[in-house]
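Visitor: I am new to this one. Please walk me through the reasoning behind the labels.

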Amino acid sequence: MIRRIEVLLRSLRRIFSRSEWTIRLLRLSKLKQPTTEPGLVMVQIDGLSMTQFNRALQKKNLPFLQGLLSSKRYILRSFYSGLPSNTAAVQAEIFYGIKGCVPAFHFFDRQSGQAVKMLDPSFVEKFEKRLESKGAGLLSGGSAYSDIFTGSAKESHCCWSRMGWDGVLWAINPFILPFLVFLYVDIFIRTFILIIIELFLAVFDCMRGTLKGRFFFRELEFVWLRSLVCVLLREFITAGVCIDIMRGMPVIHLNFLGYDEQAHGRGPSSGFAHWSLRGIDDAVRRIDHVIKESPYRHYDLWVYSDHGQSKTTPYLAKYGRTVEEAIEELFGDDKVIVTAMGPLGHIYLKRTLSSSETSLFAKKLVSELKIPLVLTKKGNRVLAWNSWGCFLFPDDAKKILGQDHPFLDEVKEDLLRVCMHPDAGEFIISGWCEGEQAISFPLEYGSHATMSPEETHGFTLLPMDAPVEIENNKNFLRPLDLRHTVQHFLNKETLNSVSHRDTSSNSLTIMSYNVHGCCGMDGCISTERIAKVISKYNPDIIALQELDVGRMRSGRIDQVDMIARKLEMKYHFNPAFRWKDEQYGNAILSRYPMALIKSGPLPNIISKRRQHEPRGALWTCVDFEGKKIQVFNTHLSLWPKEQILQAEALLSEQWLQHPDCQGPVILCGDFNSIPKSAVYQKICHRLLDSQMVLAGHRPRSTWFGYYPLSRIDYVFFNTGFQVRSINVPRSGLEKVASDHLPLITELDFSKEYV
C-alpha cells in the first residue's frame, strides 16, 4: 500500500517537474520506465590541482564538496594527469584509453601539414574520428558538456569536436519559447544577477591589473571571458545536465572551465580564481539534488580535476618579446615553425640538423633565450639541456624532475612518449624545470602542460564503494585507471568494497536492513541496487530481512547469493517458510569467518480466522580477529501477542540464554515494534538499544523509506560493546531501494574484550 502511494507521489512530482516539461517541449528522448542499470555523472573541474583543492577547502570555497568528504562516503585520491598535462591528452586517455595522443595543445600535425590547436573545431572533429577508429568512446549512449572530445557521446553540447546542441535549439517551436522562459524564470534571473556581479568584479580587476603594468587588451579580454565562462556557460551546463538526469541518460560528463580560465589570467592561487570555485561548488550541489530525485535510474556523482596549474611569468612580460620572435631570430635563415601554448612548445625545422648543430642550438635556447629546459631525441633516449648542462633522459630523470617528484616513474615514461610522438618537433621546449622559475610562453600567469608536480597533480573525489582499479598498487590514479573504474562501474561487476575499508581491530560496523524482497519504492526488483546501498557503508556484518530465494515474484533468483557475490562476503540464510522450491527469510553476511550455530522458527499463534506469516531467527558466531561474536538476526510478527511469544523465545535458553551464547552479543532485525511497545521494553531489560545509548544522538526512524515515520529496526547488544556512531542514511538511493532504511551501527569493543 505504502509503495503504491510512493509510486503515485513520484508520478505527481514528474507531472509538475519543469525538467519533464522541458523534455516534452524539446521532444527529447528519455527512458520509458525505471531501470536498475547504474548511471554516472562525471564532473571535471578543469585545472584545479590537489594543492589548490585543499586550499579551497580550508578557505570554505567548496562547502558542498567538503560535505561529501566529511560524510565519509567519499574518498579523496591523487590523480596524475599524464603528459602533456592538458585537457585534450587527459580526456583522450579517459574516453579512448590512448596515452599521450597529442604532443602538446598546439603542435604541427604532419598528416595534414598544418600547425593546429586543440581549440580548432574542424581539426578536433577529424582528430577524434582517428581516436574512434580504434574503438568506441567511454560516453557512448550518454552526453558530454564543454569537453574537448565527445567520447562518442550520443549528445554533445559545447564540445570542441562537435559544437552546439545537435540541432535541438533549431528545432524549438518559437511559440513555446515564452513557456520555456517561464519554466526557468528563476534561473534566468539568477544568471542575470550573477553576470552583473561578475562584470562589476571583472571591470575592477581589469583596472587593478592595468595599474600593475599588465597588458590592457589582455586584461580587457578577461572582462567578457569571466561572464561567459564563469557564469553563462556554467549555468547552461548545469541546466542541461539536470535535464539529462531526468531523462535517464546512462553516463554524463561535464567540464567546468571557470577556475582554469581565471587561473590562467591571475594565477592558480589568486582570489579571483578561487572565487569561481564557489559557483562551481554550488552547481555541483544542484546537480546532486537532481540526482536524488532521478525517476529513471540511480546515479553516482564523481568529481575530479584533469590537471593542475603552476604559477608562471609570461615570457613576453619577462623578456620583452614573444618566444616565437626570439626563436626565429636565433635560427636566422633556417625556416622554423614554433608552436608554443602554455609552458610547452615544439620547434619544427625544414632541414635535418647534425648532432653538433642540434647541441649548439639547444645550448643557445637555454643560455641566450633563457628557456628552462630543452629536449631533443637521440635514438630511443632523449637529451635534456638546462642551465646545469646536458643530461640523458630517462637515466638522469631525477636531475631534471627533482628527487621528490610524486609521479617520477610515470613522468619518465610519459615524457619519453611525448618526445617520441610522430608530431613532436625537433626541439621540445619546456617553461618548467626543477629549480627554475616557471615561465609561460603565452601571456598567462598560470599554466599547464609540462611535468611539474603542480601541473600533473589533480584529484579524484569518488564514492567509497566506487570499484577503483589502480595498476601496480599505486597510491594515485591516472586517466587510464579512471577509465577502467568507469567501465567497471557501468558494467556492474563485483563491488569489492572490502579493499576500501580502513579496518580497526577494536571497531565493528553492523548493518540491519529489511530489503523488502529487493523490491524498491518504485516497484523495481533489484539485488544490484540493494548491494549498492550496502557497499556504500562498508559494514563488517549485515543482517538482512525479507529475502527471496527461488520465488516466482522475484524471477526465481537466489537474492542472498547474488548480493553476497556482489559484496564478496560469506553468508548464512534461514528460510522462515518454504513452499515447493520457493523460500523466504533472513540472512547474515560477514566479511570475516562465520559459523552457523542455529537457525529455526519462532513461536506463532495458530488461528482459524487469519493465516499468520511464519517467523524465524538465525544465530551465527563471527570470528572477528580472534574475538568470538554471537550475532542474531530475526524478523518478528506484525501481531503484538505473537511478538511477545517470539521475543520471549529469543531471550530464553533456546537462543540468547543458551550455554554456548557467551561473550559479545548482537541482536539485529526488524521487530515491527516501536520503542514504547512491550516487546521493546522486554528486550531492553536484557540488552542495550544502540540508538539510545550514544550520547547526543537523536534516534532516527527507519520505516518507511521515503518518509520514515517509525523506528522498528534495531541493533541491540550486551555490555561487550560501546557505540561509536549511528547512521540511518536517507540519500536518493536508500529512499527508493526498499521500504525500510538501513540502520548502521559502529561498535567499539569494551575494555574487557580488547
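**Labels and their reasons**

Guide: Start with Arg-286, in a model that is predicted. Arg-286 counts as buried, because its relative accessibility is 16% and buried means under 20%.

Visitor: What makes the contact between Arg-286 and Asp-282 a salt bridge?

Guide: The distance from N to O is 3.1 Å. The cut-off is within 4 Å, so the pair qualifies. Both residues lie in helix α11, four residues apart, about one turn of the helix.

Visitor: Why can such side chains pair at all?

Guide: Side chains of opposite charge can pair when their charged atoms come close.

Visitor: How do you know that Glu-410 and Arg-478 form a salt bridge?

Guide: Their closest N and O atoms are 2.8 Å apart. That meets the limit of within 4 Å. Glu-410 sits in helix α16, and Arg-478 in the loop between β20 and α18, so the pair ties together parts 68 residues apart in sequence.

Visitor: Are Glu-410 and Arg-478 buried or exposed?

Guide: Glu-410 has 13% relative accessibility, so it counts as buried. Arg-478 is buried too, with a relative accessible area of 3%. The bar is under 20%.

Visitor: What does the pair of Lys-532 and Asp-465 tie together?

Guide: Lys-532 lies in helix α19 and Asp-465 in the loop between β19 and β20, so their salt bridge links parts that are 67 residues apart in sequence. The closest N and O atoms are 3.1 Å apart. Both Lys-532 and Asp-465 are buried.

Visitor: Which residues do salt bridges with shared partners join into one network?

Guide: Among them are Glu-93, Lys-99, Glu-410, Arg-478 and Asp-481. The structure holds 39 salt bridges.

Visitor: How many disulfides does a search of the whole structure find?

Guide: Zero. Take Cys-159: the nearest cysteine sulfur, that of Cys-158, is 7.5 Å away. A disulfide needs sulfur atoms within 2.5 Å, so Cys-159 is in none. For Cys-684, the nearest cysteine sulfur belongs to Cys-668, 14 Å away.

Visitor: Why is Cys-684 called partly exposed?

Guide: Its relative accessibility is 26%. That falls between the cut-offs of 20% and 50%, so the label is partly exposed. Cys-159, at 0%, counts as buried.

Visitor: What makes β11 and β15 edge strands?

Guide: Each pairs on one side only. The open sheet has six strands, in the order β11-β12-β16-β13-β14-β15, with antiparallel pairing.

Visitor: How do you know that β13 and β16 pair?

Guide: They share three bridges. At least two are needed, so they count as paired.

Definitions and conventions. Residues are numbered from 1 along each chain as its sequence is written. This is a predicted model: local features need pLDDT of at least 70, side-chain atom pairs count only at pLDDT 80 or more; totals for chains, interfaces and linings use all residues. Side-chain values use heavy atoms; hydrogens and water are left out. Buried means under 20% relative accessible area, exposed over 50%, partly exposed in between (1.4 Å probe, protein chains only). Helices (H or I, at least four residues) and strands (E, at least two) are DSSP runs, numbered from the N terminus. A salt bridge is a side-chain nitrogen of Lys or Arg within 4 Å of a carboxyl oxygen of Asp or Glu.
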